[in-house]
Amino acid sequence: MGRFGVTEIIVILVIVLLLFGGRKIPELMKGLGSGIKEFKNASKDEQNPPVKKEDDTKI
């Protein structure tokens, strides 16, 4: 399979528009964007685990 051309992208967008309707697409994109943001934050947390601070007070 090769790259997607302009024609293929337009056909996909028309099919999505027909399936979900014009009003539902912004809600879907908002949910997709928040999901990607959460995934990035989770992967960033995996790479840099939080550093524990030692308590300086002694009894």
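**Exercise 1.** In which helix is Phe20 found, and is Phe20 buried, partly exposed or exposed?

*Solution.* The model to be examined here is a predicted one. As a beginning, locate the residue in the secondary structure: Phe20 lies in helix H1, which runs over residues 6–20. Next, take its relative accessible area, which is 43%. Buried means under 20% and exposed means over 50%, so Phe20, at 43%, counts as partly exposed.

**Exercise 2.** Describe the secondary structure of the protein chain, and compare the reach of helix H1 with the expected value.

*Solution.* The protein chain comes to 2 helices and 0 strands. Helix H1 has 15 residues, and from its first C-alpha to its last it reaches 21 Å, which is close to the 21 Å expected at 1.5 Å a residue. Just after H1 comes Gly21, whose phi is positive, at about 85°.

**Exercise 3.** Identify the partners in the salt bridge and state how accessible each of them is.

*Solution.* The count of salt bridges comes to 1. In this salt bridge the side chains of Glu27 and Lys24 meet, with 3.4 Å from N to O; this is within the 4 Å cut-off. Glu27 has 51% relative accessibility and therefore counts as exposed, whereas Lys24, at 41%, counts as partly exposed.

**Exercise 4.** Which residues make the nonpolar surface patch, and which helices supply at least two residues each?

*Solution.* The patch, of about 760 Å², is made by Val11, Ile15, Leu19, Phe20, Leu28, Met29, Leu32 and Ile36. Helix H1 and helix H2 (25–47) each supply at least two of its residues. For the spacing along a helix, recall that an α-helix has 3.6 residues a turn, so residues three or four places apart point the same way.

Conventions. Residues are numbered from 1 along each chain as its sequence is written. This is a predicted model: local features need pLDDT of at least 70, side-chain atom pairs count only at pLDDT 80 or more; totals for chains, interfaces and linings use all residues. Side-chain values use heavy atoms; hydrogens and water are left out. Helices (H or I, at least four residues) and strands (E, at least two) are DSSP runs, numbered from the N terminus. The expected span of a helix is 1.5 Å times one less than its number of residues. Buried means under 20% relative accessible area, exposed over 50%, partly exposed in between (1.4 Å probe, protein chains only). Patches are made of residues with over 30% relative accessible area and no salt bridge: like charges are joined within 9 Å, nonpolar side chains (Val, Leu, Ile, Met, Phe, Trp, Tyr) within 5 Å. Accessible areas come from the Shrake-Rupley method with a 1.4 Å probe; for residues, only the protein chains shown count as cover.
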